[in-house]
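Got a new structure on the screen and wondering how its labels are earned? Let's take them one by one.

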Amino acid sequence: MAFTDLLDALGGVGRFQFFYTALLLLPCGLLACHTFLQNFMAAVPRHHCRGPAAHPAATNHSEAWLRATVPLDQLGAPEPCRRFTEPQWALLSPNTSVHGAATESCKDGWVYDHSVFQSTIVKEWDLVCEARSLRDLAQSIYMAGVLVGAAVFGSLADRLGRKGPLVWSYLQLAVSGAATAYFSSFGAYCVSRFLMGMTFSGIILNSLSLVVEWMPTRGRTVAGALLGFSFTLGQLVLAGVAYLIRPWRWLQLAVSVPFFVFFLYSWWLPESSRWLLLHGRSQLAVQALRKVASMNGRKEEGDRLTQEVVSSYIQSEFTSIRTSNSVLDLFRTPAIRKVTCCLMVVWFSNSMAYYGLAMDLQKFGLSVYLVQVLFGVIDIPAMLVATATMIYVGRRATVASFLILAGLMVIANMIVPEDMQTLRTAQAALGKGCLASSFICVYLFTGELYPTEIRQMGMGFVSINARLGGLVAPLVTVAGEFSAILPPVAFGATSILAGLAVCFLAETRNTPLVETIEAMERRAKEALSKKDAEGKCEEISLQQLGASPLIETI
């Protein structure tokens with residue numbers, strides 16, 4: 001008997017599973033606020049050079065003073081990074097132009113437009129012109145933290161359990177996020193963002209594993225999809241909170257303080273009973289299972305649970321468990337190696353295309369608040385379709401289809417003229433919705449593909465590849481300054497490649513979770529033997545057909 005049979009006997013998808021899933025997914029929603037906070041905290045307002053401070057009219061901020069001190073660009077707007085060395089008063093006369101006037105960089109700072117963004121890190125630390133790369137550096141440092149967190153928390157969760165790293169991640173995000181609002185230097189801000197990025201993997205990976213490992217087979221698909229909906233809801237919440245709270249320090253504080261609450265109630269959350277049993281802590285596992293039975297209205301069944309009864313459900317699955325694991329176990333055996341190699345491609349490509357589209361909302365020329373809402377809303381119908389197809393069609397077909405469709409949408413966006421910003425934004429939003437849906441599906445798919453013995457290590461490892469994709473995405477976007485077609489081709493082609501890689505993975509719909517590496521290898525061999533047997537049956541049928549009198553007559 002499988003462990004999932006034990007969960008069914010204790011109420012299946014009951015009250016405990018509903019409360020447990022809700023309490024774990026709520027922080028995941030607000031985690032999306034931190035991931036996309038860069039779109040608002042580091043937004044670049046309209047700006048131009050401040051006039052020469054030594055000039056007698058330097059305190060004059062009239063339109064005439066601006067026209068005389070700052071040249072115009074090709075669109076007729078003030079140049080953001082250059083100014084005249086001396087005021088060109090002749091430009092105040094109608095139909096007058098000045099050719100060859102000497103210009104210089106903005107030595108006395110900049111004047112920023114406050115109509116949309118009252119306060120951003122770009123304004124506070126002048127991250128424009130020569131320093132504009134520091135803005136992208138801050139986001140790259142955050143993604144580097146996510147990468148390091150995937151490696152650290154993925155390994156710790158398999159050794160120390162899922163709950164401990166999760167509780168620590170809540171506390172680390174709450175403290176570092178709140179501290180960021182008080183730092184006055186850009187260096188301290190970047191360090192804090194790195195620490196916040198580390199918690200992304202600790203929260204997402206452990207929350208998903210706890211949800212999947214406490215959920216019976218029939219509830220895993222919906223539970224995994226709810227993670228995606230919580231992330232989408234977080235994006236919508238961010239748009240509203242950022243619209244109401246314009247100063248970046250107060251915005252940072254508003255999305256960080258709730259994690260103190262998550263840290264407090266997370267102590268009540270029970271550890272994964274699967275992990276406890278795998279590591280010989282059967283008494284704690286029995287206690288947790290009794291609490292589950294009590295909440296699900298199966299107290300009598302829970303009281304009858306003993307270590308021997310629980311062992312009878314999982315003994316056959318855990319007999320070959322190893323006491324220690326390393327990252328080499330992800331490549332040691334054929335079935336695990338195939339899964340790992342395919343998922344490395346899928347996670348890297350999906351992440352690169354996703355963040356390439358979602359992390360630079362100002363490029364669309366519309367309100368960033370409106371685009372953020374649009375990018376969040378489009379995820380809802382896409383995820384509803386993905387959930388339905390995962391339930392009735394399967395994980396493999398769903399993930400592959402969404403990735404390939406997203407790639408085609410991104411590449412097709414190249415042929416849309418630049419002046420049709422609304423159409424380009426809508427098309428990009430549809431592609432982003434497909435990528436978001438495939439991202440959430442592949443989280444669930446990955447958790448089902450890896451055995452419990454190395455599930456967190458495997459998810460942490462492939463998550464590292466996703467973070468590498470997130471780091472590469474800004475570099476690809478910057479390369480667009482040299483070739484406009486490079487970003488859409490790169491994002492679209494890698495997405496299609498990931499969709500093809502998914503086709504080599506096994507289907508996991510309605511199948512119990514595998515507990516050990518040996519059990520997974522055994523399942524893979526059985527599937528291969530079954531396929532060979534079916535092939536032989538078809539061959540025999542064709543031979544019999546070929547020997548029929550009718551065929552011989554023809």
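Q: What makes up the lining of the second largest cavity, by class?
A: In this predicted model, that lining divides into six nonpolar residues, one polar and one charged. The residues are Phe-40, Phe-117, Ser-119, Ala-242, Ile-245, Arg-246, Leu-251 and Tyr-369. Arg counts as charged and Ser falls among the polar ones, while Phe, Ala, Ile, Leu and Tyr count as nonpolar.

Q: Why does the second largest cavity make it into the count of cavities of 30 Å³ or more?
A: The cut-off is 30 Å³ or more, and four cavities pass it. The second largest cavity has a volume of about 40 Å³, so it clears that bar.

Q: What is the volume of the largest cavity, and which residues sit closest to its centre?
A: The largest cavity holds about 150 Å³ of space. It is lined by 14 residues, and those closest to the centre are Phe-200, Phe-231, Phe-439, Ile-440 and Tyr-443. By class, the lining has 10 nonpolar, two polar and two charged residues.

Q: Which helix gives the most to the lining of the largest cavity?
A: That's helix 21, with four residues. Helix 21 (421–449) is one of the helices that each supply at least two lining residues, along with helix 8 (186–213), helix 9 (220–244), helix 17 (334–358) and helix 19 (379–392).

Q: Why is helix 6 called roughly antiparallel to helix 22?
A: Helix 6 (residues 133–160) and helix 22 (residues 455–479) pack at an angle of about 175°, and their axes are 7 Å apart. Angles over 145 degrees count as roughly antiparallel, so helix 6 earns that label with respect to helix 22. Their contact involves, among others, Leu-147, Ala-150 and Ala-151 of helix 6 and Gly-460, Ile-464 and Leu-468 of helix 22. By class, the contact residues divide into 12 nonpolar, six polar and three charged.

Q: Which residues does Ile-464 touch, leaving out those up to four places away in sequence?
A: Ile-464, which lies in helix 22, touches Leu-147, Ala-150 and Ala-151. Ile-464 and Phe-348 are 8.3 Å apart in space, C-alpha to C-alpha, yet 116 residues apart in sequence.

Q: What makes Phe-16 and Trp-214 an edge-to-face aromatic pair?
A: Two numbers settle it. Their centres are 5.3 Å apart, and a pair needs centres within 6.5 Å. Their planes are at 70°, and over 60 degrees counts as edge-to-face. The count of aromatic pairs comes to 23.

Q: Why can the pair of Phe-16 and Trp-214 be said to tie together parts that are apart in sequence?
A: Phe-16 lies in helix 2 (residues 15–35) and Trp-214 in the loop between helix 8 and helix 9, so the pair links parts that are 198 residues apart in sequence.

Terms used:
Residues numbered from 1 in each chain as written. Predicted model: local features only at pLDDT ≥ 70, side-chain atom pairs only at ≥ 80, totals over all residues. Heavy atoms only, no water. 1 Å grid on protein atoms, 1.4 Å probe; cavity = no way out; pocket = protein on both sides within 12 Å on 5 of 7 lines; lining within 4 Å. Axes fitted to C-alpha atoms, helices over the stretch in contact; angles between N-to-C directions. Parallel < 35°, antiparallel > 145°, perpendicular 65-115°, else oblique. Contact = heavy atoms within 4.5 Å. Phe/Tyr/Trp six-rings, centres within 6.5 Å; stacked < 30°, edge-to-face > 60°.
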